[in-house]
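Me: I'd like to go through the terms people use for a complex like this one and see what each rests on. Can you take me through it?

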Amino acid sequence: MSPVAEPERRRFLQWIGQWSVVAAIATQFGGVVRAFVPRVLYEPSKKFKLGKPAQYPEGVTFVPTHKLFVVRERNQFHVISAVCTHLGCTVEWKGEGRQFDCPCHGSKFRADGQRFAGPAPRPLPWYPLSMSGDGFLVVDSAKTVPSTYRFAVV
Amino acid sequence: MHRSFAPNRDFWPLLVASIASLIAVLVVAYREYTPEWHRQQEAFRRYLRTRGAFAAAAAVPDNVEQIWLPALDRVDRCISCHVNYDGSISTLPDLPPLYRPHPDLPYMAKHPFPTFGCTSCHGGQGYATDEAGAHGLVKHWDDPLLTTALAAQYGLARAQLMEIKCNTCHRPDDTTPGMDLINMGKEIFAKKRCVSCHGLEGGGGLGSSDLTYDGDNNPELLPFSAVEGEKTALNWQIQHFESPQKIVERSGMPNYRLNEEQAKALSLLMLSWRRISFPPQYVPAARKRPPAIQPVVREVPAPPPATGAPAEQGRYVFENRGCNTCHRVGGGPLIGPDLAGVTQRRDERWLATWLKDPAAVVAKDEKLQTWTHEFGDIIMPDQNLNDEEIKALIAYMRQFPG
Amino acid sequence: MRTRLTRLWRWLTWTWSPASEREASTAIVENLWLHWFPAKVDEESFGWRYSFWLGAISAFLFLILTVTGILLMFFYVPSTDKAYWSIKDIDCVVGFGWLLRNQHRWAAHLMVLVVFLHMLRVFFTGAYRAQRAVNWLVGLVLLLLTLLLSFTGYLLPWDQLAFWAVTVGTNIAKEVPVFGESIRFVLLGGTEIGQSALVRFYVLHVVVLPAAVLVLFAYHMWRVRRDGGLAVTDPAAAPLPVASQTPPVEGKTYSLFGVTPGTSLETRAARPQGDGVAAASSPHLLRRLILVFLAVFTVTIILSLISGAPLEEAANPSLTPNPAKAPWYFLWLQELLAVTTIRYKQLTISGGLVGGILIPGVLLVAAAAWPFLDRTPLSTIGRWFPRERRAQNAVFALIAIAIAVLVLIGVLMRGPYWQLYWPWQAWPELPRRL
């Protein structure tokens, strides 16, 4: 049967057949891509409890498990991230100079997280604090707050 | 046999390359089959034969030997060279050090090899099979073998340096037989009431850092500018205990006038406090005395308000320079005495001299030296106050008669 | 019996040592492995000083990497708590484990270097022009795959070096505008570097990327034949010997799927020039390849004997080592991104974007587009440093030298806190525990 003589119907059915296969393959491909985007994370939650306010002395305390600094001024708390905004290394608190130093490319931040040397593009973020029902400080590292933020503990 | 029809291109280079690759492979095989542990075991065998112990010589293994500790998630291969560690091969007298069995110390019965291995007590890198690697004298292994030479660098005996390892597990004990220095350290720690200022295990004070895992602190974060000698955490601790003000600028920690031995005891104690987890069967039965009542400042009290400008200024200094972490004005003693009425008990000149350098005043006054016993033998640390601040403080305290 | 054995031996091995011209030609077609090659190869292609056989060297390095890699897979465990210790065991107790690991590492470093040099060679000899443009693009993709293979492999030991190198690398990926965060999220299987990142990098390193390299490599090799062999043999190149000035004869030439009739540029170019200037692949090309392989193999063994693969402390997410360096072939990028943070009034563009993505991106696009923009005459193809190509050769060389200089600075002169130190200057002693 020559192509010219093929009835419309057959061409139409062929068209449906071909595109069904394409659609099926596209769906499978979509499934593969979806598989790679995780639904659950085996990571600590972004909102987590620290300790009770009374456990933190005056000044800057490094919390290595969550890579952040708890800063206490009498009864006012704030939390600064210890992850350098350049490429993710953990900065070190240099109490003598009252600054944060990053060992990777030499970025330096003042005590309030503002950068004053090195390639880091943004200041160290501050995270908001709240109090849990049983008296623990709770950090929400999914949000950031400006450097005027203070959390007062009664 | 046919002859190749084509001329032999690359004949000589190919020959050289073939022979070179063979030689390279043979060198590799030689290195694989003559590792250090093999040579050590061979040497031991030969030695035993020269002493006529042929049965013992036959018992020397020719393989990597290891103690596998799945509960502690580690492996100790020290016994590949220290083959006779348990005396199972030979009990001849006067063996060279490498071949001697482990001395039978009193606590060995409670710390048998199959359960504890070697590195739990001695340090080093159990995974390695060559001397330098096993003794941990390599870059990137921060748990070196605790040797006599390393201990001598700190003026300690090897058994004393090893107390760091003991106390990592025996932390809950008040005293442990065999841990003389650290036992002393724990005693000093309790008597001097360090927890008044330092946090510890969920409790303690707020005046300074939490010491619960002090041994895990990154040495790079310690200030070494005033430390003499090697830049090690142990050195830092010893010199810091001997004089906190020298090592940490504007330190608020009192100088307890510790002697060298006491400073070392406390330093070993600090370094032994590390994060470690092990299964229940390893937890030692704690030897604890009944707890004494510890005075501890949990909430720093606000100093009472003042009237009039100079007194208000004094109140500001009182709060901002940390006087209120140790003293109250009315309300009883904390770490230091209640300061209400102090201006009636002491004249202004005495107070000014005291605030300038308390330790000097105590050194000159014998009565004061016994009086500090009431306050845990703590002498008020020099707060680096200037004259203006001292005047303001005295004006403030004058407002509160006793 | 003797004659039977001789006949059997002959039947098994005749293709590898042909006894006549005719046997040499048919051997190529009748042997599965040999049919890869053309029946005859022009003499000029054999020259060491033309290509330095860099392509063959990188192929053999890939072979060594595959074999040592598969063997290592029997001992390595891709779990965050076991990976580090399994590698310690490979180094210490697995029989010849030290050799496998060292050879794998040396072959990896050498392959990155040789692939880079191969690209330089192809550029300088104009062997990316005209019909070879497609193969040049395939080669660029192979270069990227080589770098990615190296990068994914770098994480597997799960030591400080690995962990922080990947921290830096994936944070560079995050700087891609719009899609950056999502790319990093899918790459790591989460927001932090942990078990899912390790497994993803493992599978990429061991299956996906090597498979991609194999497929593209096969195409790369086929293209070489389809495009008329090495550029040095192009008729437009060196002056033609007398024999090939005879008019082209219609006849069979072999292409991938069948016999190509006619005499197109490709088929004319694909035909050997004549007996005087061509060698039979079997045995000559074979012997040369065996020679190259033995040399490469011996060099990797010697390097493995001399210098061991490093293994730093076990990965510690809360402690960044000082200094924290990327692998040497990425150090030029790390140098760039440490200095290219742009600040203009309120606007800040991170060095991660400029130095880590934009600059290499521009270089890659320029390299990919160049075959189509090159206007020098085609007679420059297949020659080293012809006068007409001086300008572009100079630019390319300068870029290559700049990259090499940045790498050397990063390797030899960067110390703690990324400060500059002369190579002979001691770094400040970093404090230890005991």
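What follows is a run of questions and replies on chain contacts, domains and overall shape.

Me: Before we start, what kind of model is this, and how is it labelled?

Reply: It's a predicted model, where local features need pLDDT of at least 70 and side-chain atom pairs count only at pLDDT 80 or more, while totals for chains, interfaces and linings use all residues. Residues are numbered from 1 along each chain as its sequence is written, chains are lettered from A and ligands numbered from 1 in the order in which they are written, and side-chain values use heavy atoms, with hydrogens and water left out.

Me: Why is the pair C:Glu192 and A:Lys46 called a salt bridge?

Reply: The term asks for a side-chain nitrogen of Lys or Arg within 4 Å of a carboxyl oxygen of Asp or Glu. The closest N and O atoms of C:Glu192 and A:Lys46 are 3.9 Å apart, so the pair qualifies. That rule finds 1 salt bridge across the interface of chain A and chain C.

Me: And what makes C:Arg432 and B:Glu230 a salt bridge?

Reply: Here the closest N and O atoms are 3.2 Å apart, so this pair passes the cut-off too. Between chain B and chain C the rule finds 3 salt bridges.

Me: How do you know which residues of chain B and chain C are in contact?

Reply: Contact means heavy atoms within 4.5 Å. By that test, 49 residues of chain B touch 43 residues of chain C. For chain A and chain C, the contact takes 29 residues from chain A and 30 residues from chain C.

Me: What makes an area "buried" between chain A and chain C?

Reply: Buried area is the accessible area (1.4 Å probe) that two parts lose on being put together, summed over both. Chain A and chain C bury about 2,300 Å², 54% of it on carbon and sulfur atoms. On the chain A side, A:Leu87, A:Pro103 and A:His105 lose the most area to chain C, together 25% of what that side buries. For chain B and chain C the figure is about 4,300 Å², with 61% on carbon and sulfur atoms.

Me: Which elements of chain B give two or more residues to the side that touches chain C?

Reply: First, the polar side of things: chain B and chain C have 15 residue pairs in polar contact (both at pLDDT 80 or more). Such a contact is a pair of N or O atoms within 3.5 Å; within protein, one must be able to donate a hydrogen and the other to accept it, and residues adjacent in sequence count only if both atoms are side-chain atoms. The elements you're after are α1 (11–33) and α11 (233–242) of chain B. α1(B) gives the most, with 15 residues. Helices here are DSSP runs (H or I, at least four residues), numbered from the N terminus.

Me: How do you know that chain B isn't a compact globule?

Reply: The radius of gyration is taken over C-alpha atoms, and the globule rule is 2.2 Å times the number of residues to the power 0.38. For 402 residues that would be near 21 Å, but chain B has 32 Å, so chain B doesn't fit the rule. Its C-alpha trace spans about 120 × 60 × 40 Å along its principal axes.

Me: What are the domains of chain B?

Reply: They're domain 1 (36–134), domain 2 (148–282) and domain 3 (310–398), with bounds from an automatic or database domain assignment. The C-alpha centres of domain 1 and domain 2 of chain B lie 32 Å apart.
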